[in-house]
Amino acid sequence: MEKIKIFDTTLRDGEQSPGASLEKQDKLEIAKQLKVLGVDAIEAGFPVSSPGDFEAVKLIAQKVRGPIICGLARCMEKDIKAAVGAVKPAQHPRIHVFLATSKIHMKYKLQKAEDEILRLAVWGARLARKFTADVEFSPEDASRSEKEFLYRVVEAVIKAGVTTINIPDTVGYAVPGAYGELIRDIRNNVPNINKAVISVHCHNDLGLAVANSLSAVKNGAGQVECTINGIGERAGNASLEEIVMAINTRKDYFNCMTGINTKELCITSHLVSKLTGVMVPLNKAVVGINAFSHESGIHQDGVLKERGTYEIMRPQDVGFGETRLVMGKHSGRHAFSVRLAKLGYKLTEQQVNKAFEAFKLLADKKKEVFDDDLRAIVDEGSRVASERYKLVSFQVTTGTGVEPEALVRVKEKGSAKEAQATGDGPIDACYKAIEKIAKVKGKLLDYSVRSITSGKDALGDVTIKVVFNKRVVLGRAADTDIVQASVKAYLNAVNKLG
Ligand code: KIV
Ligand code: ZN
């Protein structure tokens, strides 16, 4: 069976998702998990775009062994050199060069004629090839390019040494039949195409990114570019988990496989959502909370009699956990640690002990503790352990006709600090008190609260985005008390300032 290569671009195109922004350490954490997931290539960033992105790509290249580590570059010397510098420490470095080939991009964006584009593409491919044997080339907006011109560009860059040729549907304009046909036509009309792997990269503007990618696989593509949770520019990219599970579930149709350890899909999805602040829709295929919930009585009855009546995938095969209802206050430490391991966590003895303490406190407030609660506990614990300011207590006074007032107490490296402030609301007052303590000034760009599970005793998961002196920082925390979760989320953001 042919193996389809999975090229993950969560850290590059995914990070271009509106609202997503990742710190260097966050990117490294995701890259490490992508390795565990078993992706073939990680597009770690666009090194020329900022010194921060350059450093992040370099760090990943140094620390993540196994998968190909790729850096993106326009067809420009400074881009290619930055990408080379960033991926150089990788065990398997790749440079990904792109240049638009559609009439509309060449005329308006690049203001260059076909011949000039062809010459530039070859020049960029050759330059990248001087530094590394593994070069990918993308004729940007390929799906809207004139086919004859596209064939010429593809043939020329392969001749210049390109080993992967990516056919992006940059604006999500393609439809499955025609996109599959394009891949087939490239295979039939580019004489040296067998010297390169054909890759596909689809955007989701019409909701067709996954369908287009799969149609391309059916027509001979050997690599699929995709992102966790389908995040990416505008409406996003093809979702990795959907592509992989479609290929897996419909082996009979696709007759191919991937190297993905599907049991790691849910935990990877959760990590990316947590670190980017981009929520996973409840009904998201494969990894959404409702993906395996059967609401209708007829369906529930069917599943109880024979799972296959209404389930085409087993939840445990994507790391969903065998059941969502897990434990209560009487559950023991052993069952707790087994559960965490089933959810994909690899924790030290000390981390398990800490998480277990938090679990007992939560189980006192909440009758039933679910998998998602456990994830929140572990995430919270790993974050707070390294934070500079730790919440000790807070008090708020608010009500109709009362000016909201807050008193916040924290510990900074063991010493107690407190401040009082008033604000437009109780959360605003708390945030102002924290700013007094940390001597910072932030502007809240975004605030969202979502319950992790159902019921009035559910944990509230607060995600905020704050700008401090032009630096945008994400803060996140969960608690059964949403004001407390909001306070902890702000401290989390402030703590990231260092
Ligand atoms: O969508 C696109 O065309 C891209 C290229 C840089 C591959 O992201
Ligand atoms: Zn893209």
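Two strands count as a pair if DSSP finds at least two bridges between them. With that in hand, here are some close-ups of what is a predicted model.

**View 1. A three-stranded open sheet, strand by strand.** The strands of this open sheet of 3 line up in the order E13-E14-E15, with antiparallel pairing. Strand E13 (389-399) and strand E15 (415-422) sit at the edges with a single partner strand each, so one side of each has no neighbour in the sheet. From one strand to the next, the twist averages 10 degrees.

**View 2. Zooming in on E13 and E14.** E13 pairs with strand E14 (residues 402-412) in the antiparallel sense, and the pairing runs over 9 bridges. Look for glycine 399, which stands opposite valine 402 of E14.

**View 3. Two helices against the sheet.** Helix H16 (residues 426-438) lies across E13, E14 and E15, and runs at about 135 degrees to E15. Then there's helix H17 (residues 482-495), which packs on the sheet and touches E13 and E14. The direction of H17 makes about 135 degrees with that of E13.

**View 4. Who holds the zinc ion (ligand 2)?** Three protein donors show up here: Asp13 through OD, plus His201 and His203, each through NE2. They lie 2.0 to 2.1 Å from the zinc ion. Along the sequence, the donor residues follow the spacing D-x187-H-x1-H. Aspartate 13 and histidine 203 link distant parts of the chain, 190 residues apart. Aspartate 13 comes from the loop between strand E2 (5-8) and helix H1 (24-37), while histidine 203 comes from the loop between strand E8 (197-202) and helix H8 (209-218).

**View 5. Are these two zinc donors buried or exposed?** Aspartate 13 is buried, at a relative accessible area of 2%. Histidine 203 is buried too, with 4% relative accessibility. The cut-off for calling a residue buried is under 20%.

**View 6. Cysteines without a bridge.** How many disulfides does the structure hold? The count is 0. A disulfide would need two cysteine sulfur atoms within 2.5 Å. For cysteine 70, the closest cysteine sulfur belongs to cysteine 226 and is 13 Å away, so the two are too far apart for a bond. Cysteine 266 also has cysteine 226 as the closest, but at 16 Å between the sulfurs, that's too far for a bond. As for burial, cysteine 70 is buried at 0% relative accessible area, and cysteine 266 counts as buried at 7%.

Methods
Residues numbered from 1 in each chain as written. Chains lettered and ligands numbered in written order. Predicted model: local features only at pLDDT ≥ 70, side-chain atom pairs only at ≥ 80, totals over all residues. Heavy atoms only, no water. Helix = DSSP H or I, 4+ residues; strand = E, 2+ residues; numbered from the N terminus. Axes fitted to C-alpha atoms, helices over the stretch in contact; angles between N-to-C directions. Contact = heavy atoms within 4.5 Å. Donors = N, O, S within 2.8 Å, 3.2 Å for Na, K, Ca; no water. Buried < 20%, exposed > 50% of the residue type's maximum accessible area, 1.4 Å probe, protein only.
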